[in-house]
Amino acid sequence: MLIGKLPDIASSEITPRDAYDDYFNRRRFLRGAVAAGAVALGADRIADVISPRTAALAATKLQTVPSRLTTTGEQLTSYQDVTTYNNFYEFGVEKDQPAKNAGGLPIRPWTVKIEGKVKTPKTFDIDALLKLRPLEDRVYRHRCVEAWSMVIPWVGYSLAEFIKQCDPLPSAKFVQFLSYYDHKVEKWAGETTIYWPYSEGLRMDEAMNPLALLAFGLYGEVLPNQNGAPVRIVVPWKYGFKSAKSIVAVRFLDKMPPTTWNEQGPSEYGFYSNVNPNVDHPRWSQKTERRIGLPFYAQRRTTLMFNGYADQVASMYNGMDLKRNF
């Protein structure tokens, strides 16, 4: 495994291992087909026997442009780790369960309702959202409150661009995100005492910060179900649970909204939940973190204030007691 600083390469240019394998398997198949005289079948017949995974890859690639906000000099966490080590409690409480259980999430058709303090309530279709702005490649550090971290190449555009299309009123001071919930699909949610649907929220200035991302994909492809398909937010300076997955409703409010983990354990999960090595979780230290996917000797590292994004976000919290407003 290569350890060290990587060149600045757009995430869309990085080929996942499974795509690489499918490509060369297909090449080997075609060479064998030609040798056997299968060319006479025609291109349409050859396409019939190309693996479904290969055909799906062509349909799931996203057209992207580079972003000036991408984080450089970090080794990317592998596609395998990003998509099989997840927190998505609606599909199971163990890290490997969402990848096994989220296949039934119905990502088409999909709409996002806009409610609350807006000029006019409206509904966005997911495909309209995808075309709203050019999709950007953005590599972000991802820090979990459980003291592990990843580096993920997301695809999306600034949440602020989406919020502008929602036409919030001046009285809107907070924005709330509600996730998809259907007990018939997410039957593993019954293993927890959480009140569903999952709710998260941001102060309006946080939501409008250019780093806050409305995400549709990772590694240049559409989001896998277990990573919050088909649309989620990513707030890289906060602990991962603040980045709501599989969003179906966005509400603009004049008061701080209730949020799932803050309601579940207010002494453990604050509304702000900024990455802060100086404020420990009651049950473990936040001073260090474990980078998933690296060799054991290279995993442990010092937690950075605001997850390393202090230059871009610290000014929003000037004058606040970050130990009280954790």
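**Exercise 1.** Leaving aside its neighbours within four places in sequence, determine which residues E161 is in contact with.

*Solution.* Contact means heavy atoms within 4.5 Å. Under this criterion, and with the neighbours within four places in sequence set aside, E161 is in contact with L132 and R133. As to spacing, E161 and L132 are 29 residues apart in sequence and, from C-alpha to C-alpha, 8.5 Å apart in space. The model is a predicted one, in which local features need pLDDT of at least 70 and side-chain atom pairs count only at pLDDT 80 or more, while totals for chains, interfaces and linings use all residues. Residues are numbered from 1 along each chain as its sequence is written, and side-chain values use heavy atoms, with hydrogens and water left out.

**Exercise 2.** Establish in which helix E161 has its place, and which residues of that helix are buried.

*Solution.* Helices are DSSP runs of H or I with at least four residues, strands are runs of E with at least two, and both are numbered from the N terminus. E161 belongs to helix 7. Buried means under 20% relative accessible area, exposed over 50%, and partly exposed in between (1.4 Å probe, protein chains only). In helix 7 (residues 159-166), the buried residues are L159, A160, F162, I163 and C166. Viewed down the axis of helix 7, these buried residues fall within an arc of 155 degrees, so they line one face of the helix; the arc is that of the directions from the helix axis to the C-beta atoms. E161, by contrast, is partly exposed, its relative accessible area being 22%. After helix 7 comes D167, whose phi is positive, near 55 degrees.

**Exercise 3.** Describe the second largest cavity by its volume, its lining and the classes of its lining residues.

*Solution.* On a 1 Å grid over the protein atoms alone, a cavity is a set of points where a 1.4 Å probe fits but cannot get out, and lining residues have an atom within 4 Å of a point. Grid points are joined across faces, edges and corners, and a volume is the space filled by probe spheres set on the points. The second largest cavity holds about 40 Å³ of space. Its lining consists of V112, L129, F162, F177, L214, V231, I247 and V250. F162, a buried residue of helix 7, is thus one of the lining residues. By class, the lining has eight nonpolar, no polar and no charged residues. Ala, Val, Leu, Ile, Met, Phe, Trp, Tyr, Cys and Pro count as nonpolar, Asp, Glu, Lys and Arg as charged, and the others, Gly among them, as polar.

Methods:
1 Å grid on protein atoms, 1.4 Å probe; cavity = no way out; pocket = protein on both sides within 12 Å on 5 of 7 lines; lining within 4 Å.
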